Amino acid sequence: MSEKEKDVVVTEKVVSEADELPKTIVRRVVKDKLSQLSKDSEVNVLRESLQGFCESARIFIHFLSATASDVCKESKRQIINAEDVFKALEEIEFAEFVAPLRTSLEEFRRKNAKRKSESLKAKEMNKKGKMKEPPVTNGGGSEEEDEDESSEE
């Protein structure tokens, strides 16, 4: 195998690893869903099955992304938004996912807005608290001591 062929193989391997979904997250999602369906016993997932789930999810994400991109381009825009994804789901005949996805998105937005407002309130409280504190001097003593020391020199 020539150096050029080796470089191509290594590059393809790196690209495919970068494209992969995190296996731990996929495993957790699969096991959670399977445990909901089979409440009597715990279901184990073989490594090859997990790889199949990962690959299937990756292909679905690529297909959905490409379709959403097409929807976006038809609207003469360059940035894909949530509505583009919803339309893409309908186009690829997964319309049954739109309603639960809208619900999840709204819940996410509510939580995110609440988190942002709490963060802003905390920042405002910190600013107000800093305004009430006396200024800190370089020498560690009071300002009067600093003035006395400078007048002695």
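What follows is a conversation between a colleague and a modeller about a predicted model of a protein chain.

Colleague: What does the secondary structure of the protein chain come to, and in what order do the elements run?

Modeller: The secondary structure comes to six helices and zero strands, and from the N terminus on the elements run α-α-α-α-α-α. Of the 153 residues in the chain, 11% are buried, and residues 24 or more positions apart account for 34% of the contacts with a separation of 6 or more.

Colleague: What makes α3 roughly perpendicular to α4?

Modeller: The axes of helix α3, residues 47–74, and helix α4, residues 82–91, come within 8 Å and cross at roughly 115°. Angles of 65 to 115 degrees count as roughly perpendicular, and therefore α3 is described as roughly perpendicular to α4. As for handedness, α3 passes α4 in a right-handed crossing.

Colleague: Which residues of α3 and α4 meet, and how do they divide into nonpolar, polar and charged?

Modeller: From α3 come Phe60, Leu64, Thr67, Ala68, Val71 and Cys72, and these meet Asp84, Val85, Lys87, Ala88, Leu89 and Glu91 in α4. The residues of this contact divide into eight nonpolar, one polar and three charged.

Colleague: Why is leucine 64 called buried?

Modeller: Its relative accessible area is 15%, and buried means under 20%, so leucine 64 is classed as buried. Leucine 64 lies in helix α3 and, leaving aside its neighbours within four places in sequence, is in contact with Val85, Ala88, Leu89 and Ile92. Its C-alpha atom is separated by 9.9 Å from that of aspartate 84, which is 20 residues apart from leucine 64 along the chain.

Colleague: How do you know that threonine 67 counts as buried?

Modeller: The relative accessibility of threonine 67 is 10%, and because the cut-off for buried is under 20%, threonine 67 counts as buried. The place of threonine 67 is in helix α3, and, not counting residues up to four places away in sequence, threonine 67 touches Ala88, Glu91 and Ile92.

Colleague: Why is cysteine 72 called buried, and which residues is cysteine 72 in contact with, leaving aside its neighbours within four places in sequence?

Modeller: With a relative accessible area of 2%, set against a limit of under 20%, cysteine 72 is therefore buried. Cysteine 72 lies in helix α3, and with those neighbours left aside its contacts are Arg77, Gln78, Ile79, Ile80 and Asp84. Cysteine 72 and glutamate 83, eleven residues apart in sequence, are 9.2 Å apart in space from C-alpha to C-alpha.

Colleague: Is cysteine 54 buried or exposed, and how many disulfides does the count come to?

Modeller: Cysteine 54 has a relative accessible area of 7%, and as buried means under 20%, cysteine 54 is buried. A disulfide is a covalent bond between the sulfur atoms of two cysteines. The rule applied here asks for a pair of cysteine sulfur atoms within 2.5 Å, and by this rule the count comes to zero disulfides.

Colleague: Why does isoleucine 25 count as partly exposed?

Modeller: At 43% relative accessibility, isoleucine 25 falls in between the limits of under 20% for buried and over 50% for exposed, so isoleucine 25 counts as partly exposed. The place of isoleucine 25 is in helix α2, residues 23–37. The C-alpha atoms of isoleucine 25 and cysteine 54 are separated by 9.7 Å, although the two residues are 29 residues apart along the chain.

Technical notes. Residues numbered from 1 in each chain as written. Predicted model: local features only at pLDDT ≥ 70, side-chain atom pairs only at ≥ 80, totals over all residues. Heavy atoms only, no water. Buried < 20%, exposed > 50% of the residue type's maximum accessible area, 1.4 Å probe, protein only. Helix = DSSP H or I, 4+ residues; strand = E, 2+ residues; numbered from the N terminus. Axes fitted to C-alpha atoms, helices over the stretch in contact; angles between N-to-C directions. Parallel < 35°, antiparallel > 145°, perpendicular 65-115°, else oblique. Left-handed = near helix turned anticlockwise from the far one by under 90°. Contact = heavy atoms within 4.5 Å. Nonpolar A, V, L, I, M, F, W, Y, C, P; charged D, E, K, R; others polar.
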